[in-house]
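Grab a coffee and open the viewer. Here are a few short exercises on strands and what surrounds them, each with a worked solution.

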Amino acid sequence: MAPPMARCPRPPPPPHRSGQPGRGGTGPWAPREAAAGGRAPRRGRTGERGAGRRGGARRTMATAAAAPGRARRGAPMYSKELTSKKRDEFEDILEERRLSSDLRYAMKCYTPVIYKGLSPCKPNAIKNAVLQSEQVQYVIKQLAKEMGESPDIIQEEAMEILDEMGHRMQLGAVRFFAFTLSKIFKQLFQRVCVNEEGMQRLQHAIQEHPVVLLPSHRSYVDFLMLSYLLYTYDLALPVIAAGIDFLGMKIVGELLRRAGAFFMRRSFGGNRLYWAVFAEYVKTMLRSGYAPIEFFLEGTRSRTAKTLTPKFGLLSIVMEPFFKREVFDTYLVPISISYERILEESLYAYELLGVPKPKESTSGLLKARRILSDNFGTIHIYVGQPISLRTLASGRINRCPYNLVPRHLPQKPSEDIQEFVSDVAYKMELLQIENMVLSPWVLVAAILLQNLPAMEFELLIEKTLWLKGLTQTFGGFIEWPDNLCAKKAVLSGLTLHSNIACLVDGHVVLNDKGVEDGAVGEIVFRRALAVLMCATYRNQLLNVFVRPALVALALQMTPSFRKEEVYSCFSFLRDVFSDEFIFFPGISLKDFEEGCFLLTKCDAIQTSQQEIYPTDKGSGTVSFLSAMFRPFVEGYQLIFRYLSKEMKEAFTEKQFIPGVRNFVFQLLEKGSTQCYEALSSDMQKNALSALVQLGAVKKKKMPSGFTYNVNQEAVSKILDMFDARIPVQKPVAARL
């Protein structure tokens with residue numbers, strides 16, 4: 001059996017086609033005919049879906065009172081539908097694995113359908129093509145000339161970079177992982193559910209055009225699970241951008257390389273040779289249709305289960321062949337991976353509280369095998385609709401300037417291209433968010449955090465049912481366990497997450513064992529650990545509620561119900577929390593209208609031409625939404641207060657994080673605040689970033705890194721707006 005290998009890299013001539021392409025392969029999916037060893041789709045479970053789609057928008061900030069930035073060209077790229085949407089059905093792929101031999105599964109006839117039916121060649125051919133490419137040779141000659149070195153020496157360095165970076169996919173390693181991961185996943189998870197229609201769409205896309213897989217990133221399991229999934233469905237395995245840290249894991253790092261991982265350094269912006277080699281390596285694989293390329297837009301795992309703001313570097317690289325007309329189209333596939341229980345949940349909480357992240361190592365992996373005795377519930381993988389880059393760029397991007405410069409010459413992307421890449425990145429993340437699956441435990445966590453230290457079990461059940469209805473009204477994608485009443489669903493969640501909360505004498509309490517004993521500092525740390533772990537699950541719900549919740553907060557912060565003032569406050573909050581939540585650039589007013597629409601839909605507010613005011617019936621909803629986001633408001637208030645009072649001189653992030661953590665820790669010890677989430681390094685970094693974008697803190701690049709200077713007056717003014725002591729400045733906004 002020949003291993004899955006690359007097609008020989010050669011830049012294909014631009015195909016001559018008429019009309020705008022739609023999704024490739026629109027006929028019915030026939031896996032038995034399409035690939036030997038394929039598996040016929042079975043209908044899976046249908047969960048309870050929300051009444052609308054989720055997502056949102058984001059706008060780049062200049063000041064708290066700034067007008068929206070330069071208008072985007074053409075119609076908005078992302079538009080959320082507020083009407084009902086039919087969701088794909090899920091199938092549990094572990095069901096079949098539990099009934100048949102894992103060895104037979106690993107050794108099955110694996111003949112994936114490949115792009116354009118091209119003949120494969122060895123991964124070394126990819127490296128040679130990269131090394132001999134005009135782009136890399138041009139940079140080698142330029143560096144040799146500038147440094148006075150022989151081009152052969154620079155070329156040897158480029159070869160070393162390729163050897164460090166490149167994958168060596170081999171079918172033997174793939175089969176080893178298929179066998180091993182089957183054993184591990186059946187032990188860890190009750191179910192691994194996949195939307196069949198999404199896999200059908202992906203199969204067609206892979207055959208038609210180069211494909212880029214863009215999964216959400218919550219766990220190390222993400223990339224292993226996706227490769228396992230594609231192997232299960234006889235689809236071409238992806239080549240995966242992985243951090244160089246994995247090479248430090250003896251044996252495991254090499255196994256990952258042989259299973260399709262290629263490795264990138266964490267930062268290499270100033271190294272022109274590394275950048276040229278890396279970019280050409282990725283583009284060569286994409287141009288030749290080598291295999292689906294997979295990377296994480298977020299750049300790293302989210303420690304809070306909230307989607308991180310996107311990184312643009314790799315996305316810009318995979319788009320470039322299309323801009324230069326080296327490929328006819330490229331498909332971008334957003335993939336949402338939802339965990340009922342995250343493997344690294346406790347590790348993330350420790351990291352957020354300042355405990356250093358353990359270094360990736362084989363010994364650490366072996367020590368982690370004790371988790372095999374735990375139950376991590378269900379994973380849902382939703383493979384989204386492949387998005388045509390050609391369609392996104394139509395009418396917006398002019399590719400003609402690329403024809404005026406030889407392809408091998410490095411070009412700085414124009415402002416329009418940079419804006420386009422940014423918009424595509426946010427669109428992909430919002431599509432990921434739309435299709436995240438919520439479990440009943442997410443609802444329980446959200447309610448419990450508003451009722452600490454304890455809540456009556458029966459009241460918790462009642463509130464969970466109420467929140468379930470509200471979530472579905474707002475478009476949340478809830479997967480409720482089959483035929484389980486609310487009481488059993490809540491008990492099931494408590495059993496699965498017994499390390500976070502437990503039932504004691506008819507009350508549900510956080511499982512912060514040891515808080516009664518020890519020093520005050522130890523008590524605060526243990527309570528913070530439990531709160532942050534619980535907040536990880538509540539955070540999964542925030543994407544559904546962020547727009548109506550910011551409207552609800554704005555209603556509480558403004559002295560009147562005038563629509564203009566409420567919108568000004570909403571826009572201010574949206575700007576401040578732009579790193580906490582994902583907003584599409586430039587459509588603040590549209591987000592405001594969506595929030596108002598959803599609150600009106602559940603009878604929480606009424607609107608007239610000039611005013612917005614809460615209804616008596618909806619007071620509970622408005623209060624709940626405000627309380628859900630109150631930790632972010634209070635946390636930012638504490639962080640801003642620290643900066644306005646304590647930071648008089650220039651400082652670095654490494655000085656800021658422990659300083660603000662100690663400041664909040666002391667307030668918690670004194671009982672002056674109960675906002676444990678302000679101890680999170682994620683919130684602290686986001687708040688600092690917000691102040692930089694608002695112009696209240698200046699960020700300056702130095703040889704040793706970045707330094708920050710606080711504008712005390714500006715920070716105090718923003719703090720006063722948060723405290724509702726002064727009116728929020730009105731943006732020069734569109735007419736309401």
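**Exercise 1. Find the bridge partner of Leu503 in S14, then work out how S13 and S14 are connected.**

Keep in mind that you're looking at a predicted model.

Step 1. Start at Leu503: its bridge partner in S14 is Val508.
Step 2. Now widen the view to the strands. S13 covers residues 501-504, and its pairing with S14 is antiparallel, with four bridges.
Step 3. Look at the link. Two residues sit between S13 and S14, and the two strands form a hairpin. In the turn, Asp505 has a positive phi of about 50°.

**Exercise 2. Which strand joins S14 through three bridges, and what is the bridge partner of Glu456?**

Step 1. The strand is S12, residues 454-456, and it runs antiparallel to S14.
Step 2. Glu456 has His507 of S14 as its bridge partner.

**Exercise 3. Sort the side chains of S14 (residues 507-510) by face: which are buried and which are not?**

Step 1. Use under 20% relative accessible area as the cut-off for buried.
Step 2. Walk along the strand and you'll see the side chains alternate.
Step 3. Val508 and Leu510 share one face and are buried. His507 and Val509 point to the other face and are not buried.
Step 4. Tie this back to the pairing: the buried Val508 is the partner of Leu503, while His507, which is not buried, is the partner of Glu456.

**Exercise 4. Run the face test on S10 (residues 378-383), and say why it counts as largely enclosed.**

Step 1. Take one side: Thr378, His380 and Tyr382 are buried.
Step 2. Flip to the other side: Ile379, Ile381 and Val383 are buried too, so both faces are covered.
Step 3. Six of the six residues are buried, so S10 is largely enclosed by the rest of the structure.

**Exercise 5. Which strands pair with S10, and in what sense?**

Step 1. S4 (residues 191-195) pairs with S10 in the parallel sense, over four bridges. Here Val194 stands opposite Ile381.
Step 2. S9 (residues 331-339) pairs with S10 in the antiparallel sense, over five bridges. Here Ser338 stands opposite His380.

**Exercise 6. Zoom out: how many helices and strands does the chain have, and what share of its residues count as buried?**

Step 1. The tally is 27 helices and 18 strands.
Step 2. The chain has 736 residues, and 57% of them count as buried.
Step 3. For the surface, the accessible area of the chain is about 30,000 Å², with 53% belonging to carbon and sulfur atoms.

Conventions:
Residues are numbered from 1 along each chain as its sequence is written. This is a predicted model: local features need pLDDT of at least 70, side-chain atom pairs count only at pLDDT 80 or more; totals for chains, interfaces and linings use all residues. Side-chain values use heavy atoms; hydrogens and water are left out. Buried means under 20% relative accessible area, exposed over 50%, partly exposed in between (1.4 Å probe, protein chains only). Two strands pair if DSSP finds at least two bridges between them. Accessible areas come from the Shrake-Rupley method with a 1.4 Å probe; for residues, only the protein chains shown count as cover.
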